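Good morning, and thank you for making time for this presentation. Please look at the sequence and the structure as they appear, and then I shall go through a few places in turn.

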Amino acid sequence: MPPHREFKVVMNAFNSQELLENFDKHQIDLVLMDIQMPGMNGIQATELIKKQHPELKVLMLTTFDDDENIFKAIMAGANGYLLKEENTENLRQSIIEKLSGGAAMSAGVALRVLNLLRNPLPSKSAETKDYGLTKREIELLKQLKNGLSYEQIATNLFISYGTVRKHIENIYRKLQVNNKVSAVDVASKNRII
């Protein structure tokens, strides 16, 4: 992204270590932080920076839009969460809003945050099980959660109808349930899907 006249880029860091080592050499008002970087990830770096400089604004700018990363980034102190798919003008406007005291969040991320508020991630002390489900069984559960029929699931996953039925039987046995509503409920409560 080319710099805009209203912004001055004072530092580029290629990993968290470089950012942390050189941070105090610059006057920084806002950091655009990625999550995935070599060494320490951006969530960990955000937490360290915010402990030392709570007034600093940190915007996550990443490709990750899953609940866990969004939740961890916000809990680490991120002041906003943007996806790299944002166009340059939206990114520019989000930075201006954040520097003016507003909130910066991609529309899809905002929706996920609202869903997280309604259905929070379980606390670390909450008991969850993985039930030994295979990757394929989890894929089928996600399809069931979306209300798809066995035929639609077979088409989507390029497997036969009979294979879908066999996987569903295995899922029911492992989750100790006897219908798809219960299977989806158990899998959702245990954050499997």
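How many residues apart in helix H4 are Glu89 and Arg92? They are three residues apart, in a helix that covers residues 88–99, and this places about one helical turn between them. Before I go further, I should state that what you see is a predicted model. Its mean pLDDT is 85, and 93% of the residues reach 70 or more. Among the elements of the protein, helix H5, residues 107–118, has the lowest mean pLDDT, at 77. The highest, 94, belongs to helix H8, residues 161–175.

Let me return to Glu89 and Arg92. These two residues form a salt bridge, with 2.8 Å between the closest N and O atoms. In general terms, side chains of opposite charge can pair when their charged atoms come close. An α-helix has 3.6 residues a turn, so residues three or four places apart point the same way. The two partners differ in their surroundings: Glu89 counts as partly exposed because its relative accessibility is 42%, whereas Arg92, at 17%, counts as buried.

The structure holds seven salt bridges, and I shall describe two others. In helix H6, Arg136 forms a salt bridge with Glu139, and here the closest N and O atoms are 3.5 Å apart. These residues are again three places apart, and therefore about one helical turn separates them. Arg136 is partly exposed, with a relative accessible area of 28%, and Glu139 is also partly exposed, with 31%. In helix H8, the side chains of Glu169 and Lys166 meet in a salt bridge, at 3.9 Å from N to O. Here too the partners are three residues apart, about one helical turn. Glu169 is partly exposed at 44% relative accessibility, and Lys166 is partly exposed at 48%.

I now stay with helix H6, which spans residues 135–145. Which residues of this helix are buried? They are Glu137, Leu140, Leu141, Gln143 and Leu144. Seen down the axis of H6, these buried residues fall within an arc of 160°, so they line one face of the helix. What covers them includes H7, H8 and helix H9, the last of these being residues 180–189. After H6 comes Gly147, whose phi is positive, near 80°.

Two of the helices that cover H6, namely H7 and H8, also supply the next feature. The structure holds one aromatic pair. Tyr150 and Tyr161 form this pair, and its geometry is tilted: the centres are 6.1 Å apart and the planes meet at 50°. The pair links distant parts of the chain, with Tyr150 in helix H7, residues 150–157, and Tyr161 in helix H8, 11 residues apart. Is each ring's residue buried or partly exposed? Tyr150 is buried, since its relative accessible area is 19% and the limit for a buried residue is under 20%. Tyr161, at 35%, counts as partly exposed.

Next, please find Ser106, in the loop between strand S4, residues 104–105, and H5. Ser106 is buried, with a relative accessible area of 2%. What does the side chain of this residue meet? A polar atom of the Ser106 side chain lies 2.9 Å from the backbone nitrogen of Leu83. In addition, the side chains of Ser106 and Glu86 are joined by a polar contact of 2.7 Å. Leaving aside residues up to four places away in sequence, Ser106 touches Tyr81, Leu82, Leu83 and Glu86.

For contrast, my last stop is Asp130, in the loop between H5 and H6. This residue is exposed, with a relative accessible area of 58%. How far is the C-alpha atom of Asp130 from that of Lys50? The two C-alpha atoms are separated by 34 Å, and the residues are 80 apart along the chain.

To close, I would ask you to keep three places in mind. One is the face of H6 formed by its buried residues. Another is the tilted pair of Tyr150 and Tyr161. The third is Ser106, buried in its loop, with its polar contact to Glu86. Thank you for your attention.

Technical notes: Residues numbered from 1 in each chain as written. Heavy atoms only, no water. pLDDT = per-residue confidence, 0-100. Helix = DSSP H or I, 4+ residues; strand = E, 2+ residues; numbered from the N terminus. Phe/Tyr/Trp six-rings, centres within 6.5 Å; stacked < 30°, edge-to-face > 60°. Buried < 20%, exposed > 50% of the residue type's maximum accessible area, 1.4 Å probe, protein only. Polar contact = N/O pair within 3.5 Å; in protein donor to acceptor, adjacent residues only side chain to side chain. Contact = heavy atoms within 4.5 Å. Arc of directions from axis to C-beta. Salt bridge = Lys/Arg side-chain N within 4 Å of Asp/Glu carboxyl O.
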